[in-house]
Structures are given as C-alpha cells and as structure tokens.
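Here's a quick tour of the ligand sites in this model. Grab your viewer and follow along.

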Amino acid sequence: MRSIRVNRNYSTKTVALTAETYSDKVKRDERFKKLEDSDLKFFESVLKDKNYLITNEDDLDFFNEDWMRKYKGQSKLVLKPKTTEQVSEILKYCNEKKLAVVPQGGNTGLVGGSNPIFDEIILSVANLNKIRSFDEVSGILKSDAGVILENADNFLAEKGYLFPLDLGAKGSCHVGGVVATNAGGLRLLRYGSLHGTVLGLEAVLPDGTIYSSMDSLRKDNTGYDLKQLFIGSEGTLGVITGVSILCPARPAASNVAFLAVSSYEAVQKVFTGARRELSEILSAFEFMDGTSQELTRRYLKLDYPIESGDYPYYILIETSGSNKEHDDEKLETFLGNAMEEGLVDDGVVAQDETQLRNLWNWRESLPEATAHWGGVYKYDVSLPLKDYYKLVEATNQRLSERGLIDLDDDSKPVVEAVGYGHLGDGNLHLNVAVREYNKEVEKALEPFVYEWIKEHKGSISAEHGLGFQKKNYIGYSKSDIEIKMIKEIKNHYDPNCILNPYKYV
Ligand code: FAD
Ligand code: 2HG
Ligand code: ZN
C-alpha cells in the first residue's frame, strides 16, 4: 500500500487569522457564550483525564490552522473524547450553554471547514480510533470515526479487502472525516461514492442524542435513508462517531501507466478508449496538465516520469483485476492502439510495485507541490468533459491580463494556475499557486471562477465540500428551494446553530 503522511511544514510564514482576513464576510455571533473556568471543569469531569483537553497555545495551533495555512481560528480549547457517550455529554452541555463547537477529524480538509473562525471549541474525534468489527464474508467494516484511513486500509489488506476510497491524505485523514466530507478520491470511478458504500453511521446530534444505523444491512428500504444527511454534511448536523462500510475484495493484480498527450482532444479520446477497452479493470483515470508537472518537478526535485520532453497533458491510468496476465495483455493492447492512432506521444508502464508506487506518489504530490510557494487558491469543480480544461485556460488568461502571474518572476503574486484531477469523474482541481495569499488575486478569482462554472453547468464543489471557503457561493450550485430545505434541516436538528457555525449553512 502506498503511504504518504501529509506534510504540513512546507511554509514557515505565520497564518493570518480568518476573522481578520475575512472580516467583511464574518462577525462573531454574540449569542454564543465565551468559555469560562466552570465549563473547563465540566469537560474535565466528563473526560476524566486532563490529557484529553488541550489548552496550551502552541499545541492549539495544529488544530486552529488548516492544511493550506490559509485559515486560522482562535479556539482556546480542544476536547478529545474517547467514547461516543462522552461526545454526547459534551454536545448536550454545549447546546444548553450555547457554546459553539467545530468537529474535527484529521484536519486535512481543503475548504477551511475543520477549523474554527473565532473561539469555537474544537471537538477532535482522534481518540475514537478503534476498528469495531469486520465480517470477512460480507466485507462489512465497522469502525470508530477517528481511525486513520490508511490504518483502516492496512487492517483490511490483511484480510484481503480494500477500503473503497483512497486519497493522498490517507496517512492523516479519518474514516469519519472522509464521510463527513463525502470525499471522492482516486478510485471513485471504480468503487463509487460514499453515498453508496457507507451502509450505516453512528452520530451524535447537537442536543446529545445518539443516532445509530450501524447495524444496517446491504439492503434496507425502510423509509428515509437518514445516514445520507450526515454524508457530506461537513460537521454541521452531528458528530460522526462510527462508520459501517462495505469493502470490496483487494484486487490481486494492479498496473499503472503514465502517458504524455499533445492535445486535450486526444485526452478525451484516450478516456473513451480506456472505458471501452479496459472496461471492468479500469480503476483510475487521472489527468494532469504540463504546468502542474513542472511545479511537481521543481518541488520534488526529481525528473519527470517521462523523460522525452515536456508535454501539455499527462494521464495516469490504473487497472485492477484478478488475473495479471489478462490485465497486462489488455493494457498493452490498449496502449499499443492509442499510440498507433497517435493519441499518446510517450508513456511508461510500472514494471514492479516500487515503480507503481512512485508513479502514484508523483500524482499524489501535486497538492503539496502547488502549496509549496507560499499558498494556493483551490477550486474543486465538476464540469462537462468538453469544457473541463477550458476553466484553467480562462483563469490563466484573466491572471495574465491583470499582470499577476509569472512562474519565474518573484515579484508577481501568482506562480502558476494549473489543472489536474479525476477526469474519469469529470472532476477538475484548478490550483492557483501563489507566493502569498493576496486580496488582489482573490478578487480576480472570485466570483469569476464560480460564475464561469455556473455558466458551463458545473458544480463549485465536486468532492472537497463548501466549508468556509465557499460559504457565500452555494447559490452557484444549488437552487433557492434546495438552500431553503438545507436551512430547514439545519434549524430543525441544530436550532442553536452550535455545530460548525460561520460555514456554508
Ligand atoms: P477534517 O479535515 O478534520 O474535516 C473535514 C470536514 O468534516 C470539516 O467540516 C469537519 O468539521 C468535518 N468532520 C470531520 N470529522 C468529523 C466527524 N467525525 N463528524 C462530523 N464532522 C466531521 N479529498 C477528496 O475528496 N479527494 C482527494 O483525492 C483528496 N486528496 C487530498 C489530498 C491531500 C494531500 C489533502 C491534504 C487533502 C485531500 N482531500 C481530498 C481533502 C479531503 O477533504 C480530506 O483529506 C478528507 O476528506 C478530510 O478528512 P479529515 O479526517 O482530515 O477531516
Ligand atoms: C487530489 O485529487 C485532491 O489530489 C487535492 O483532491 C486536490 O490539490 C487539490 O486541489
Ligand atoms: Zn481530488
């Protein structure tokens, strides 16, 4: 199993307080109580161990700041309960006292959703970290929410199974965190969305009520499917404490090919060909533009995987199946045809497990590479494939017209605007790498990017969610009626709005 622990030390610059950077967007809600000694005493009595309360300024930074070092809250308290009952007691108390709470998993989210804005209490589920059970016949895993994704997958590997979601942050993000985000990841193309694979959840509602559907079965058609409300709710409806998920058998054979392509037209043809010719063994189809590769090359200080030159587009294709000989032959024929048709200019196929890992590591290093210069504005979008790359071109044009962008000129705020993503799912990651976060750049990008996406019938969030970043932009992807229904559900379950305030609801 590939393994990267998410690196958070790429910049030594201090992080500006969200409340100051975005003072035009957000004010502290004075209905929320400020933390007092009596509250701390209560939490100590629930957690029964001072180590499960963090109040030290230096230690708090890790929880207050986000992975991109773009957002920073001012929480004075992190609580790390060990049981669902403790989560319930904490939330019941916070609801009664009107203390605001931010649920936090591995803190790898990319929209500022896991960090407070003001003095909200951070409720970390990191200590809820046990695998509860695994049924080797059905493949159903029941796990605490705070289990690190990679640990869950390693556990499953020993049983011959696989967690049906994989992403670059796997060494840090939690099973509960990915469910709360409805993360997509690198193999959604093959295993589908968490809305399909999650069978049941345990979650604590803002008033302390414990909801559980952990015993649910593969098929259960009895009324509303309530767990769906929590999948992708981003910590605004309840704190997820347990996850029951259906896991597929681990494929016996995997192949990875890394290809260079000269036109976007050809990229689309390679995709349709891969779906047709590789069909059931195709497990990932990842897209990267040439400039994203240049940033990665400079960041990793390694040569390109393909040494014959610079190309405008690259593709990573993965196959997973049960019969190595069959899969090798299929991939070879497919690649031979694509080259003969002139769709692929050059390529490498991993010859062993190390090469396979290296190619995936290269792809998974892109988010770190784009953040390496001092900051990054990230837009995670769904677009029809015909328009998929046009957004990167339009953004580059806009930044160039304003004289804001230059890869080699340190006096320009923007380093590069690059595109990569899960093309197989119609999901593009537009990343604008900057030397520092800058209001002029942000004004050039927003709402321009959101308007462009709406005009081209896309979604402003394919998999990262809305969080704080897109709090004012949900209307670009949801109708007034949908927003009204979302607010009604929120008000019903969280009338005091204590859970993850100042975010998208
Ligand atoms: P956090 O960041 O802690 O929280 C995310 C949100 O969920 C917050 O709103 C938080 O309040 C809420 N939350 C967390 N835990 C709970 C809980 N137990 N109960 C209720 N609410 C909770 N995402 C993708 O979709 N695909 C990718 O390929 C991908 N790759 C990534 C690669 C890197 C290097 C990084 C840094 C991030 C990547 N992400 C990707 C972003 C992705 O959102 C997160 O990695 C993951 O989903 C968040 O999990 P977490 O445990 O870190 O949650
Ligand atoms: C990925 O696909 C993640 O690597 C992060 O979703 C995307 O860096 C990004 O914008
Ligand atoms: Zn992604």
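What follows looks at ligand 1, then at ligand 2, in a predicted model.

## Where ligand 1 sits

Start with the cavity: the space taken by ligand 1 is the largest one. The shell around ligand 1 has 33 residues, and those that come nearest are P103, G105, T108, G109 and I240.

By residue class, that shell splits into twelve nonpolar, 19 polar and two charged residues. In terms of secondary structure, strand 3 (101-104), helix 6 (175-181) and strand 9 (239-246) each chip in with at least two residues. Helix 6 gives the largest share, with four residues. If you prefer to think in domains, domain 1 (131-246) and domain 3 (371-464) each provide at least three residues of the shell around ligand 1.

## Polar contacts of ligand 1

Which backbone atoms do oxygen atoms of ligand 1 meet? A polar backbone atom of G106 is 2.8 Å from an oxygen atom of ligand 1, and a polar backbone atom of G109 is 2.7 Å from an oxygen atom of the ligand. G109 also turned up among the residues that come nearest.

There's a side-chain contact to look at too: a polar side-chain atom of T181 lies 3.4 Å from an oxygen atom of ligand 1. As for burial, ligand 1 on its own has 970 Å² of accessible area, and the protein covers 98% of that.

## Who surrounds ligand 2

Now over to ligand 2. Its surroundings are L110, R363, P367, K378, Y420, H422, H429, N431, E463 and H464. Sorted by class, that makes three nonpolar, four polar and three charged residues.

Ligand 2 sits in the largest cavity. Two elements give two or more residues to its shell: strand 15 (414-422) and strand 16 (427-434).

## Polar contacts of ligand 2

Here the contacts to check are with side chains. How far is the side chain of H464 from ligand 2? One of its polar atoms lies 2.7 Å from an oxygen atom of the ligand. For E463, an N or O atom in the side chain is 3.0 Å from an oxygen atom of ligand 2, and for H429 the corresponding distance is 3.1 Å.

How much of ligand 2 does the protein cover? Taken on its own, the ligand has 290 Å² of accessible area, and 88% of that is covered by the protein.

Key. Residues are numbered from 1 along each chain as its sequence is written. Chains are lettered from A and ligands numbered from 1 in the order in which they are written. This is a predicted model: local features need pLDDT of at least 70, side-chain atom pairs count only at pLDDT 80 or more; totals for chains, interfaces and linings use all residues. Side-chain values use heavy atoms; hydrogens and water are left out. A residue is near a molecule or strand if one of its heavy atoms lies within 4 Å of it. A polar contact is a pair of N or O atoms within 3.5 Å; within protein, one must be able to donate a hydrogen and the other to accept it, and residues adjacent in sequence count only if both atoms are side-chain atoms. Accessible areas come from the Shrake-Rupley method with a 1.4 Å probe; for residues, only the protein chains shown count as cover. On a 1 Å grid over the protein atoms alone, a cavity is a set of points where a 1.4 Å probe fits but cannot get out, and a pocket is an open set with protein on both sides within 12 Å along at least five of seven lines; lining residues have an atom within 4 Å of a point. A molecule sits in a cavity or pocket if more than half of its atoms lie within 2 Å of its grid points. Ala, Val, Leu, Ile, Met, Phe, Trp, Tyr, Cys and Pro count as nonpolar, Asp, Glu, Lys and Arg as charged, and the others, Gly among them, as polar. Domain bounds come from an automatic or database domain assignment.
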